[in-house]
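User: I've got a model to go through with you. Can we take it a question at a time?

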Amino acid sequence: MRSFLPKLFSRRQVLRSLGGVASVAGAAALGLGQGSKPAPQGEAGGHSGHYMGAADPKQMGHGNNLTVGAVDHQANGFDPLRLLVDWDYGKVSTLPSGQTLREYEFVAQEKEIEIAPGVFFPAWTYNGRVPGPTIRCTEGDRIRVRFTNSSSHPHTIHFHGIHPAEMDGTPLPGNGGLVQPGQSFTYEFTAEPFGCHLYHCHSLSLKRHIHKGMYGAFVVDPKGGRPPAREFVMVMNAFDTNFDGGNEVYAVNSVAFEYARRAIPLKLGELVRIYLINVLEFDLINTFHLHANMFDYYDHGTTLEPTLRRVDTISQVQGQRGIVEFRYKFPGMYMFHPHVSEFTELGWMGHFNVVRPEDFAQALQSVGLDAAWDQKSLQGSTVPWKGGEQA
């Protein structure tokens with residue numbers, strides 16, 4: 001077993017030892033340069049060294065423990081702020097039986113993604129993004145996913161939930177098997193139960209295929225829907241940039257500190273619902289902590305009543321997920337992060353910018369969002385809410 005100090009040294013120093021331009025930019029981006037200095041105690045509030053002001057890159061130096069510069073989201077092909085509400089409903093039609101059919105096209109491909117300014121990772125992806133598309137449907141819908149492997153490695157898609165063995169997406173005989181490079185396979189099943197689920201590649205080595213980026217959210221709405229809320233998907237992930245079996249960069253939706261650099265806008269008093277998924281490899285537990293507030297938690301999202309009430313921190317093991325619900329009582333900038341300090345320092349930290357309704361349009365504009373994002377965050381469910389009865 002590696003000792004703690006070499007592991008810590010590796011995480012802190014790896015970006016300086018990668019070589020080339022990316023390593024120099026990466027070390028600076030994560031505040032790992034030799035010129036880094038701690039933030040003065042008591043400055044900006046919150047934990048020492050955590051930036052709590054407006055999302056102004058000019059104020060985000062090394063001492064505030066955030067990245068310097070910005071990731072090119074256009075080149076990446078995805079923006080973490082837009083991934084929060086990027087529901088994929090598939091191509092929708094109705095089967096002769098009256099059952100709703102949702103059809104999806106998934107392609108496995110290898111792609112380099114930028115996970116912090118100047119830090120690039122050789123990912124394996126579904127549809128060119130990490131995490132993959134957020135499948136959203138209603139319990140009882142028929143799901144049909146046509147999967148094509150356009151990469152150089154065998155892959156599968158394993159869906160969490162209930163389905164026949166032949167649709168399980170594992171290498172076992174009768175479980176769908178490995179989809180070889182250049183081949184295709186169609187997964188088809190009825191979505192059940194309702195909840196916050198995930199999908200991922202189940203090829204061996206399992207931890208490498210998941211860690212490299214082959215995973216995504218699978219949200220199944222209850223037939224009666226859930227009460228109206230502003231909804232987000234947050235996939236907690238990390239990256240082993242030097243492939244030593246330990247993560248160096250941590251994030252939500254793949255880009256370190258992105259929600260600290262661009263705070264997520266919320267309206268004062270509104271119900272917020274987060275579909276929270278932990279796909280962390282190489283670390284046994286991840287956590288979620290909300291500042292200055294309490295939340296209700298629905299483990300796996302498979303119940304309509306909270307499994308935990310009025311807590312401010314929850315833990316998830318690898319592959320665990322759940323739903324977090326809360327409201328903010330006061331306006332302001334509020335931090336969220338794991339209560340594993342090292343994860344926070346290495347990229348997994350963000351802010352909610354809670355504003356009064358009259359200030360919401362400006363809050364959206366300040367981080368490059370628009371009314372369409374607002375609408376998606378409020379109207380993501382496949383089932384309109386009517387007091388618990390299906391519309």
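Analyst: Sure. One cut-off first: buried means under 20% relative accessible area, exposed means over 50%, and partly exposed is in between. Keep in mind that this is a predicted model.

User: Is Met-214 buried or exposed?

Analyst: Met-214 is placed in the loop between helix H5 (206–211) and strand E10 (215–221). Its relative accessibility is 0%, and the cut-off for buried is under 20%. So Met-214 counts as buried.

User: Which histidines does Met-214 touch, not counting residues up to four places away in sequence?

Analyst: With those residues set aside, the list for Met-214 includes Ala-108, Trp-124, Thr-125 and Tyr-126. Tyr-199 and Cys-201 are on that list too. The histidines on it are His-155, His-200 and His-209.

User: Where is His-200, and is it buried or exposed?

Analyst: His-200 is found in strand E9 (residues 195–200). Its relative accessibility is 7%, to be held against the cut-off of under 20%. That is why His-200 counts as buried.

User: Which residues listed by UniProt for "binding site" are in contact with His-200, leaving aside neighbours within four places in sequence?

Analyst: The UniProt entry, an unreviewed one, lists His-155, His-160, His-200, Cys-201, His-209, Met-214 and His-339 under "binding site". The contacts of His-200, with those neighbours left aside, include Tyr-126, Thr-156, Ile-157 and His-158. Leu-206, Ile-210 and Tyr-215 are also among them. Reading the two lists together gives His-160 and Met-214.

User: On to charges. How many salt bridges does a search of the whole structure find?

Analyst: One example is Arg-102 with Asp-141, whose side chains meet at 2.7 Å, N to O. This pair links distant parts of the chain, with Arg-102 in strand E3 (residues 100–116) and Asp-141 in the loop between strand E5 (134–138) and strand E6 (142–149), 39 residues apart. Arg-102 counts as buried at 8% relative accessibility, and Asp-141 is buried at 7%. For the whole structure, the search finds 18.

User: How many residues apart in sequence are the parts that Arg-136 and Glu-231 tie together?

Analyst: Arg-136 and Glu-231 form a salt bridge, with the closest N and O atoms 2.8 Å apart. Both residues are buried. Arg-136 lies in strand E5 and Glu-231 in strand E11 (residues 230–239), so the parts they tie together are apart in sequence by 95 residues.

User: Which residues are linked with Glu-105 and Arg-146 in a network of salt bridges?

Analyst: Glu-105 and Arg-146 form a salt bridge themselves, the closest N and O atoms being 3.5 Å apart. Glu-105 is in strand E3 and Arg-146 in strand E6, 41 residues apart. At 31% relative accessible area, Arg-146 is partly exposed. The network links this pair with Glu-103, Arg-142, Arg-144 and Glu-188.

User: Now the open sheet of five strands. What does the twist average from one strand to the next?

Analyst: The strand order is E13-E21-E20-E15-E18, with mixed pairing. Strand E13 (264–267) and strand E18 (313–317) are the edge strands, each pairing on one side only. From one strand to the next, the twist averages 25°.

User: Which residue in E21 stands opposite Phe-336?

Analyst: Strand E20 (residues 332–337) and strand E21 (residues 350–355) run antiparallel and are joined by five bridges. Opposite Phe-336, in E21, stands Gly-350.

Key. Residues are numbered from 1 along each chain as its sequence is written. This is a predicted model: local features need pLDDT of at least 70, side-chain atom pairs count only at pLDDT 80 or more; totals for chains, interfaces and linings use all residues. Side-chain values use heavy atoms; hydrogens and water are left out. UniProt positions are given in the numbering used here, feature names are shortened, and annotations may be inferred rather than shown by experiment. Helices (H or I, at least four residues) and strands (E, at least two) are DSSP runs, numbered from the N terminus. Buried means under 20% relative accessible area, exposed over 50%, partly exposed in between (1.4 Å probe, protein chains only). Contact means heavy atoms within 4.5 Å. A salt bridge is a side-chain nitrogen of Lys or Arg within 4 Å of a carboxyl oxygen of Asp or Glu. Two strands pair if DSSP finds at least two bridges between them. Axes are lines fitted to C-alpha atoms, for helices over the stretch in contact, and angles run from 0 to 180 degrees between N-to-C directions.
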